[in-house]
Amino acid sequence: MSRLLVAAGGKWDPALRDLAPEIELRRTDDMGDPSAIDYALVWMPPEGLLASLPNLKVIFSAAAGVDHILRDPSLPRHLPIVRMSDPYQGAMMAEYAIYAVLHFHRFFDVVARSEAEHRWDEQPVIYTPSKTVGVLGLGAIGQEVARRFALLGFSVRGWGRTPRMIEGLATHHGPAGLAEMLPLCDYVVCALPLTPETKGLIGADFLSRMRAGSALVNIGRGGHVVDDDLIAAIDSGHLRGAFLDVTSPEPLPAAHPFWSHPRIRITPHMAGELHPPTAARSVIANIRRFEAGEPLSNVYDGDRGY
Ligand code: NDP
């Protein structure tokens, strides 16, 4: 019998037990012998936890990103880290991105200000197919986001690191592709992983390439954005506003200028909560593959950074 340590919030145990009654589940407060643990499913593991498990074989991230695991200096670097892949999370992320884009697209940002002053300000008619959403990152999440914006009738473009052919989507890649895409977009949705290459990507140069009057939605990581540059781009009137689900640091300190900025909306990293009943399937499928000697899927690649 193999043993899986579950050190993640949420109700994982019933889903994991249903799918794989043969796997014994352990919790950190009831772990027993650490050398008996084969697998660990973790969200923000306390420093040293993973290093204290001498026979650990695979680390499962309870999130699409792995930055919360890599920050542990004692992380056993030789172990594979499997990123969470939950089809339902893509759908949730897309719902959030749609709400955030519609906030600008349907002038909710403008009418909220009129409403506060009891003014009945009518807004212009807009034609959705004439507006372009640019999605940064075309992974599991970015593709689902792009697909759903296309269903709403927007013109959609996407950007990744490497070339990708995706039906119904105009794609760009690399730095030149980004420079090409940004001026074409009315709304930019960031669904990138945080890597050394993407950290600070949304800074002065990026923002100046965005179309005048366009808006930014960030559902990736707070570290993608250079906060002062974003505020400067909005205050100068170049950018219409920003809708940010992620910040750096998190929680965002109460005195941070984003909170009180009239053109910035902040939410507490809630775009894509994991749904254990669906997400647990990928954990169990991967354990079964591993035990059958087959390659794991969705493994973090340290060279690429995601
Ligand atoms: P994937 O690994 O499936 O996809 C990552 C995408 O980003 C790929 O398309 C990849 O390009 C692209 N990318 C990576 N590096 C670069 C680069 N340097 N330049 C251009 N494109 C790049 O990730 P997911 O879609 O599963 O998740 C994306 C991110 O969403 C997570 O890492 C996390 O940060 C964030 N997230 C946020 C949540 C929230 O609640 N706010 C919840 C879940 C995730 P290529 O196609 O060429 O490989």
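**Entry 1: the ligand shell**

I count a residue as near the ligand if one of its heavy atoms lies within 4 Å of it. The model I am reading is predicted. With that cut-off I looked up the shell and found that 29 residues surround the ligand. The closest are R83, L138, T162, R164 and Y306. I then sorted the shell by class and noted 13 nonpolar, 10 polar and six charged residues.

**Entry 2: polar atoms facing the ligand**

I looked next at which protein atoms approach oxygen atoms of the ligand. From the side chain of T162, a polar atom lies 2.5 Å from a ligand oxygen. At L192 the partner is a polar backbone atom, 3.4 Å from an oxygen atom of the ligand. For R221 I found an N or O atom of the side chain 3.4 Å from a ligand oxygen. I also checked how far the ligand is covered: on its own it has 940 Å² of accessible area, and the protein covers 95% of this. I asked which elements give two or more residues to the shell. They are α3 (87–105), α5 (140–151) and β7 (155–160).

**Entry 3: the five-stranded sheet**

I traced an open sheet of five strands and recorded the order β2-β1-β3-β4-β5, with parallel pairing. At its edges I found β2 (24–26) and β5 (81–82), each of which pairs on one side only. Within this sheet I examined β3 (residues 39–42) and β4 (residues 58–61), which pair in the parallel sense over four bridges. In this pair, A40 of β3 stands opposite I59 in β4.

**Entry 4: strands β9, β10 and β11**

I turned to β10 (residues 215–218) and asked whether its residues are buried or exposed. A215 and V217 on one side, and L216 and N218 on the other, are all buried, and both faces of the strand are covered. I then listed its partners. Strand β9 (residues 187–190) runs parallel to β10 and is joined to it by four bridges; C190 has N218 as its bridge partner in β10. Between these two strands the chain passes through helix α7 (residues 204–209), and I noted the β-α-β crossover as right-handed.

Strand β11 (residues 241–244) likewise runs parallel to β10, with four bridges between them. Here N218 is paired with L244 in β11. From β10 the chain reaches β11 by way of helix α8 (residues 227–235), and this β-α-β crossover is also right-handed. N218 thus appears in my notes as bridge partner of C190 and of L244.

**Entry 5: backbone exceptions**

I searched the backbone with a general expectation in mind: most residues other than glycine have a negative phi, and most peptide bonds are trans. I found a cis peptide bond between S248 and P249, with omega about 0°. Another cis bond joins E250 and P251, with omega about -5°. P249 sits in the loop between β11 and α9 (257–260), and P251 lies in the loop between β11 and α9 as well.

For positive phi I recorded M44, with a value near 50° although M44 is not a glycine. M44 belongs to the loop between β3 and β4 and is partly exposed, at a relative accessible area of 40%. I also recorded H118, a residue other than glycine, whose phi is positive at about 55°. H118 lies in the loop between α4 (108–116) and β6 (132–136). With a relative accessible area of 73%, H118 is exposed, since exposed means over 50%.

Terms used:
Residues numbered from 1 in each chain as written. Predicted model: local features only at pLDDT ≥ 70, side-chain atom pairs only at ≥ 80, totals over all residues. Heavy atoms only, no water. Polar contact = N/O pair within 3.5 Å; in protein donor to acceptor, adjacent residues only side chain to side chain. Areas by Shrake-Rupley, 256 points an atom, 1.4 Å probe, with all protein chains shown as cover. Nonpolar A, V, L, I, M, F, W, Y, C, P; charged D, E, K, R; others polar. Pairing = 2+ DSSP bridges. Buried < 20%, exposed > 50% of the residue type's maximum accessible area, 1.4 Å probe, protein only. Right-handed = clockwise from strand over helix to strand, strands pointing away.
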